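Got the viewer open? Let's take a short walk through this structure, one selection at a time.

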Amino acid sequence: ATGNIFAERSYIVPRWDSLSYITAIKKIIMKEGIRYVIPNDGPAGLLKFCDLASQRKELNIAISRNKSDLKTVLNKASFFDFLVLAGLGRYVPVYLHVSDVNSLLGAIKRSGYPGKKVVIKPIGQ
């Protein structure tokens, strides 16, 4: 883990998709007397930290305690849609939703390819 170079200690914990992941994190928090947690996890791990933050109000976890809002942010398409609806569309890159190979190819062409460079990214969660 890259962050270990900045840490005084590091721990090996179960994978984020293990049922014992959050239990292991809680043990470390208690053992070390940790008061602030800054999660750096994939979407499913962040959702687990959201649950932990909701359960343990005394912990300062840098994450939303609202799972619905977090799910919106973790999914690029829903987050971009949210920003546009909130009047912040000027900060959103041009994007197109696709659901299969045919719509992907059409979206690439509508985006100006091959005359323009096109980036394809999965939406996330």
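The tour goes from the whole chain down to single side chains.

Before you click, know that this is a predicted model, where local features need pLDDT of at least 70, side-chain atom pairs count only at pLDDT 80 or more, and totals for chains, interfaces and linings use all residues. Residues are numbered from 1 along each chain as its sequence is written, and side-chain values use heavy atoms, with hydrogens and water left out.

Start with the cartoon view. You'll find five helices and two strands (DSSP runs: H or I of at least four residues for helices, E of at least two for strands). Follow them from the N terminus and the order is α-β-α-β-α-α-α. Zoom out: the C-alpha trace spans about 55 × 30 × 25 Å along its principal axes.

Now turn on the surface. Buried residues, those under 20% relative accessible area (exposed is over 50%, partly exposed in between, 1.4 Å probe, protein chains only), make up 22% of the 125 residues.

Next, hunt for salt bridges, meaning a side-chain nitrogen of Lys or Arg within 4 Å of a carboxyl oxygen of Asp or Glu. The count is five.

- Select R56 and E58: their side chains meet in a salt bridge at 2.5 Å, N to O, and E58 is exposed at 51% relative accessibility.
- Select R15 and D17: this salt bridge is 2.9 Å, N to O. R15 is exposed at 56%, while D17 is partly exposed at 41%.
- Select R9 and E8: their salt bridge is 3.9 Å, N to O, and both are exposed.

Last stop: add E32 to that selection, and you have a network of salt bridges linking E8, R9 and E32.
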